[in-house]
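Reader: I am in my first year and would like to look closely at one part of this structure rather than at everything at once. Could you choose a single piece, take me through it with care, and then set it beside the rest?

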Amino acid sequence: MSRKVLLIEDEPNIAEAIRFLLTREGWQVETHAEGSDALQVIQGADPDLVILDVMLPGKSGMEILRDLRELEHMQGLPVLMLTARGQSRDREMAENAGVSRFMTKPFSNTEMLTAVRDLHAQATQS
Amino acid sequence: MSSDEDRKPSGVRPSLFLERQSYRRRRLSDAARLLPFLGAALLAIPLLWPDGQGAQEGVSLSSAIFYIFTCWVAMIGASLVFGFAARRMRAHEDSEPETDRWQR
Amino acid sequence: MATLNVLILVCLGYVVLLFGVAFAADRLAAAGRGAWLRSPLVYTLSLSIYCTAWTFYGAVGNAARSGLEFVTIYLGPTLVMVSWWWGLRKLVRVGRSQRVTSIADLISSRYGKSNTLAICVTILAVLGGTPYIALQLQSITLSFSIFAEADPTGLYREGSSVFWVAAGLAVFAILFGTRNLDVNERHHGVVTAIALESVVKLFALLAVGAFVVWGVAGGVGPMMDRIDASEIGQWNVDAGRWTTFIFLSAAAFICLPRMFQVMVVENADEGHLRTAAWAFPLYLLLMSLFVVPIAVVGLDLLPEGSNPDLFVLTVPLSQGNDWLAMLSFIGGFSSATSMVIVTAMALSTMVSNHVVMPIWLSMQEGSGSVSGDVRNVVLVARRVSIAVIMALGYYYYRLSGGGAALASIGLIAFAGISQILPALVGGLFWRGATRTGALVGLSVGFLLWIYTLLLPGMEGALMSETVLQYGPFGLGWLRPQALFGIEGMDPIVHTVMWSLSLNTIAFCVASLLSFPSPLERLQGAQFVNVFDHSVAPRGWSGSVAQSEDLMIMTQRILGAGPAQEFFQAEVDLQGGRSNLPEPTPAFLERLERELSGSVGAATAHAMIGQIVGGSSVSVEDLLAVADESAQMLEYSSQLELKSAELTRTARQLREANTKLTQISEQKDSFLSQVSHELRTPMTSIRAFSEIMRDTEGLSGEEQTRYAAIIHDEALRLTRLLDDLLDLSVLESGRVNLNVGDDTLRSVLDRAVPSALAGSNRTLTVRRTKTTERIPLHTDLDRLGQVFINLISNAQKYCDAEEPVLTIAAHDVGGQVVIDFADNGSGIPPEARSMVFEKFARVGVDKAGGAGLGLAICREIMQRLGGEITYLPGQGGAAFRVRLPMAYQQAAQ
């Protein structure tokens, strides 16, 4: 039983770091760097967890999340959101959009791993 | 100037006693105003005297001098009396409470 | 027999004594121990400068000619003094409360501080004073001549003696009258010296009189008989002259500048008038007591044809009583000197204050501060005017031939100065009197006086005999001494009647027809109602007059409607007995508050104080208020402008606020972007450094790769920070341009290789080096920075398979234009407006930079006075850089 995470992040170096960490935890990591078609990619990949950057080319992470939550079968999908802007307004907007966890860059690796573990545990319990 | 209309009693005015004082003061100043006219009238009388050139006997210079200097002395005397009266009045005035004077 | 030299020594000694007295009095007053100097007695005695040498000598002469007529000159002032309660008291109160310095000042300040009027009065006073001074010269000269006749050794010549007398009196007056410049124009010393002189002259005359009555005639009874027996022994006075002279002397007593000086200006206490009211008439009575006896005895004793004007001297001399003659001479000398001193003081004050100072000040206007020398200028002006006045007197004496009888010269002066009377009395008692009225009246009276009396009085010197006989141009009804064909009148009576009546009529008519200025009306109320404004208890009618004044003033300040409303409300509040409220303290306070809203508290207080309060305000204060109100008017029109300006400013403020809000939003978004740009590389750095620290068993290849990532991201951070700093320096304008000269070609030569270095992407740069020989005068490094940026952008973003950048330079319309065009797909139109904004990025390549490059280019080009724009329609991305040629031209 493999766990699958979809990482939508346009900064290649950050994507590589997260892939490295999660792969070692036993996750199957798929990456995508474009915002405009992210929704279709998520639906197609059917991941157990999504890690979503806010600033994406084409379409912002906020909009992707909002659209995602509109979809009925996607409402329970854990989404971990990352942002580099670090404004409290962003956190509010994300929570309103239905985010599961919100993290500000830069983060420590442990933070990231803990967040992913927690989210996955919650999702499997419910 | 002042006339009897001034005496209209009014609520703001001070007591009757001061009314009397101010009444006297007014009459005194009336008299003072009258004095020069009286003097002028007295000094005009020589104009009626015959000038001695006609048939009538003229007035002698010594009696003319006597008349004019008498009038003169009378005027001086009246002025002296009034001067002292005015001084007394002013002393009263100064001791009066200044009721209706606007002060800064 | 006293020789002429002894006489001169006595005169000098007497003058020295007077100086001593004046000096001592000034010292006493300065030390504060001179209370008695300000006693009613001194005041009364100082008034006796009315009795001049004319009185001293001329009264006897007059009596010898026309009997009792001479007393008219004393009876007039007596009547004035006796009527002090409503006449002089008011004059003195006004003079003191308005702080006037002369009669010209009083008239001018009554009529709205009109300097024209002051000048008119000054001229009148100088011209009227001239015959009078001539008179003093004549009397002193005559008295000298008497002693000279008796002195065989003396070398006496009349012409030169008049000159020396005039010069001596001038020096004397200058030394006396302008020794100090008192602020309030009061002269303790002079007044005291004059009081002493009055005692001397009275004593001298009484001594001669007593000598005549008891020494010569043998007592009062025999004297009276002798009088009746003499050639003037009957009452024989012309009715017209009797009345006219009493009136004229009364008028002159008030109007003469020297009388005004001692009576009003030098007055220390209004109460002194009470004493002077009886004491001064008494003095006059004593002065005239022995006049007729001396005249009668003189006529009896002295030979036919001797000058009766000198009986006072010649009678004692003829009796061999030299010492009495000497005393009498000193009495006459006293009369002349005191008159000359005070007249010169008064006239010079008027001349310097109303003629010289205005001229001097207007000349000084350009040069700013004037405070330093004013006192000196005033003193010099006064001294010069004294000299001029004395010279005028001297020439009048020469022109009139010195022949006219003393009394008639004096009366000419009286008639002249009396022309002020209508304006003065009208100003004190009639609020309707206006400046125009005063000017017209004065001019009419003045011209008539000159025409009918002064010029004919010079006996052919200035007016030909034909004019006198047949009128100017043969117009008989304009004959100077028989105006309108009325003949046979005494010349003085003729002049006084015509000039004063026409003066008064002109004054009244012009006053009724003209409209006074606000300041005039304010002053008019101040003068006419001076008692209501200060001490005496107010009657009901007086109060209403004040309410009227207040109403007028309030209307001027608040406007008619609001003022009437305010007053009506007050009337209702007070019970509505009349149509004007009584000026109760409460009402006045409310009014003051109301007014202060419009004119400011201080002004409102001063204005009400002027009309109602005991506070007396000087003309200067009034003028200040008037100026202030003029400024208020100006200010209110400025206010309208200002309110329009304010609306404009408010709009600008709103705009500025909007802009600020936008800027603040931009700043927020900028910070948020900066934060993003900083955090992104830091995220990678942190993540990989933690990986390298925490993960065991990383392969060497992995380690190298991750370290390289960390290194790249660190470089990216550094670049970002460099760009941010650069941008902030450029934007703040604090950048220092390092201007140098070079050609465009060499700048590009340096820029191209450094832009292309360190990148593995290929870019072909095409240049036309022949067109690049354009000299530049600018910051070459900064320009190079722009070029490098453009070239490396092309290198990074040009998406053609074989990227080519074409650089073309032209000289277009006085500007250097350099185009950078590549052969890629270019920038999409919707993004073009954004490319020069900060953090604007087109395309996906993130590693290139933070998106600050073009923003920095734009800032640099602005600093260099040029611009950078996107150039559409070139196939690929194209940028155009413009530099003004002016730089280049400036360098040549």
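Author: Two residues are in contact if their C-beta atoms, placed from the backbone, lie within 7 Å. With that in hand, and keeping in mind that this is a predicted model, let us turn to helix 3 of chain A, which runs over residues 61-70. Its buried residues are Gly61(A), Met62(A), Ile64(A), Leu65(A) and Leu68(A). These residues lie on the same side of helix 3 of chain A, because they cover an arc of only 160 degrees around the axis. The spacing follows a general rule: an α-helix has 3.6 residues a turn, so residues three or four places apart point the same way. As for what covers the buried residues of helix 3 of chain A, the list includes helix 2 (38-45) and helix 4 (88-97) of chain A, together with strand 3 (49-53) and strand 4 (79-83) of that chain.

Beyond this helix, chain A also meets chain C, where 18 residues of chain C are in contact with 16 residues of chain A. On the side of chain C that touches chain A, the elements giving two or more residues are helix 29 (619-694) and helix 30 (700-732) of chain C, and helix 29 of chain C provides the largest share, 14 residues. By character, the residues on that side of chain C divide into six nonpolar, six polar and six charged.

Chain B, for its part, has two helices and zero strands, and 19% of its 104 residues count as buried.

Conventions. Residues are numbered from 1 along each chain as its sequence is written. Chains are lettered from A and ligands numbered from 1 in the order in which they are written. This is a predicted model: local features need pLDDT of at least 70, side-chain atom pairs count only at pLDDT 80 or more; totals for chains, interfaces and linings use all residues. Helices (H or I, at least four residues) and strands (E, at least two) are DSSP runs, numbered from the N terminus. A residue is buried if 20 or more other C-beta atoms lie within 10 Å of its own, exposed if 12 or fewer, and partly exposed in between; C-beta atoms are placed from the backbone. Ala, Val, Leu, Ile, Met, Phe, Trp, Tyr, Cys and Pro count as nonpolar, Asp, Glu, Lys and Arg as charged, and the others, Gly among them, as polar. The arc is that of the directions from the helix axis to the C-beta atoms.
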